[in-house]
Amino acid sequence: MATPDITLYTSPTPNGFKVSVTLEELGLPYKLRAIDLQKGEQKEEWFLKINPNGRIPAITDGEQHVFESGAVMQYLVDKYDTERKLSYAPGTPEYYTQLAWVMWQVGGLGPMQGQAQFFVFFASVRSDFCIERYTEETRRLYSVMEARLQESPYLAGDKYTIADIACFEWVRVAPMLLDFDLSEWPALKKWHDTLVQREAVQKGYTVPPRAIPDEQFMAFLNSKKAEIMAKGNSDVQ
């Protein structure tokens with residue numbers, strides 16, 4: 001196996017944690033460069049040379065630059081998961097199932113849940129239509145995971161893979177941010193409760209550490225939510 005020379009550029013977000021957890025699960029050495037999103041570091045010229053889209057996470061591995069969380073995860077298992085701890089062998093049916101669920105997350109679950117959270121906490125106007133539209137679509141996607149996990153212990157098959165990591169980091173925050181009760185999806189809750197106990201999952205969730213404790217962060221978010229909810233519904237003319 002090649003010797004890693006990895007630097008992780010990230011922030012404490014679900015997409016960021018997808019990569020930090022993958023690195024921890026694989027036991028790979030890496031350097032951390034925390035990106036301050038509030039200061040706009042992700043838009044600075046030096047970072048745009050790593051990710052021209054100006055988003056986290058991204059990695060460098062020697063001269064190789066990789067951005068987009070799903071691509072980073074795939075790169076890491078393709079290059080370093082020689083024991084197939086987090087992935088299936090390329091070309092196998094399970095490999096393509098794994099790939100499909102990763103793409104499902106980056107193209108569906110992440111964007112839909114991300115929009116739901118944006119309109120609840122950060123929008124400049126209140127739009128009940130957008131809150132309902134994205135929250136209900138997120139709930140539908142949780143039902144898709146529920147159906148899969150009723151027939152399989154993990155999303156890609158009989159073992160834990162990057163497909164599970166990709167989706168888990170969004171499911172983890174849903175009870176806090178969208179008031180979801182995971183018991184509505186029993187198989188999904190069982191899967192969540194199993195994954196949250198993994199040592200690498202717990203460690204990856206601290207990379208990078210938040211500037212303030214989770215309790216203070218939630219208090220901040222709830223104050224933003226209250227500000228939005230106090231506004232009149234902008235959908236009503």
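The following conversation goes through some features of this predicted model and the rules by which they are named.

Colleague: What should I keep in mind about the numbering and the rules for this model?

Modeller: Residues are numbered from 1 along each chain as its sequence is written, and since the model is predicted, local features need pLDDT of at least 70 and side-chain atom pairs count only at pLDDT 80 or more, while totals for chains, interfaces and linings use all residues. Side-chain values use heavy atoms, with hydrogens and water left out.

Colleague: How do you know where domain 1 and domain 2 begin and end?

Modeller: The bounds come from an automatic or database domain assignment, which gives domain 1 as 6-80 and domain 2 as 93-205. Their centres, taken over C-alpha atoms, are separated by 21 Å.

Colleague: What makes residues of domain 1 and domain 2 count as being in contact?

Modeller: Contact means heavy atoms within 4.5 Å, and on that basis 15 residues of domain 1 are in contact with 19 residues of domain 2. The size of an interface is often given as the accessible area lost when the parts come together. Here the buried area (the accessible area, with a 1.4 Å probe, that two parts lose on being put together, summed over both) is about 1,500 Å², and carbon and sulfur atoms give 68% of that.

Colleague: Why is the pair of arginine 198 and glutamate 25 called a salt bridge?

Modeller: The rule asks for a side-chain nitrogen of Lys or Arg within 4 Å of a carboxyl oxygen of Asp or Glu; the closest N and O atoms of arginine 198 and glutamate 25 are 2.8 Å apart, so the pair meets the rule. Across the interface of domain 1 and domain 2 the rule finds 2 salt bridges, and the total count comes to 14.

Colleague: Why is arginine 126 called buried, and what is aspartate 128 called?

Modeller: Buried means under 20% relative accessible area, exposed means over 50%, and partly exposed lies in between (1.4 Å probe, protein chains only). Arginine 126 has 19%, and therefore counts as buried, whereas aspartate 128, at 30%, counts as partly exposed. The side chains of these residues, arginine 126 and aspartate 128, meet in a salt bridge at 2.8 Å, N to O.

Colleague: What makes glutamate 68 and aspartate 179 worth a look at their phi angles?

Modeller: Each has a positive phi in a residue other than glycine: near 75° for glutamate 68 and near 60° for aspartate 179. Glutamate 68 is found in the loop between β4 (64-67) and α3 (69-80), where helices (H or I, at least four residues) and strands (E, at least two) are DSSP runs, numbered from the N terminus. With a relative accessible area of 42%, glutamate 68 is partly exposed, while aspartate 179, at 55%, counts as exposed.

Colleague: How do you know that Phe118, Phe122 and Phe220 form a nonpolar patch?

Modeller: Patches are made of residues with over 30% relative accessible area and no salt bridge, like charges being joined within 9 Å and nonpolar side chains (Val, Leu, Ile, Met, Phe, Trp, Tyr) within 5 Å. Phenylalanine 122 has a relative accessible area of 45%, so this residue passes the area cut-off, and Phe118, Phe122 and Phe220 together have about 290 Å² of accessible area, computed by the Shrake-Rupley method with a 1.4 Å probe, where for residues only the protein chains shown count as cover. Phenylalanine 122 itself lies in the loop between α4 (93-121) and α5 (128-151).
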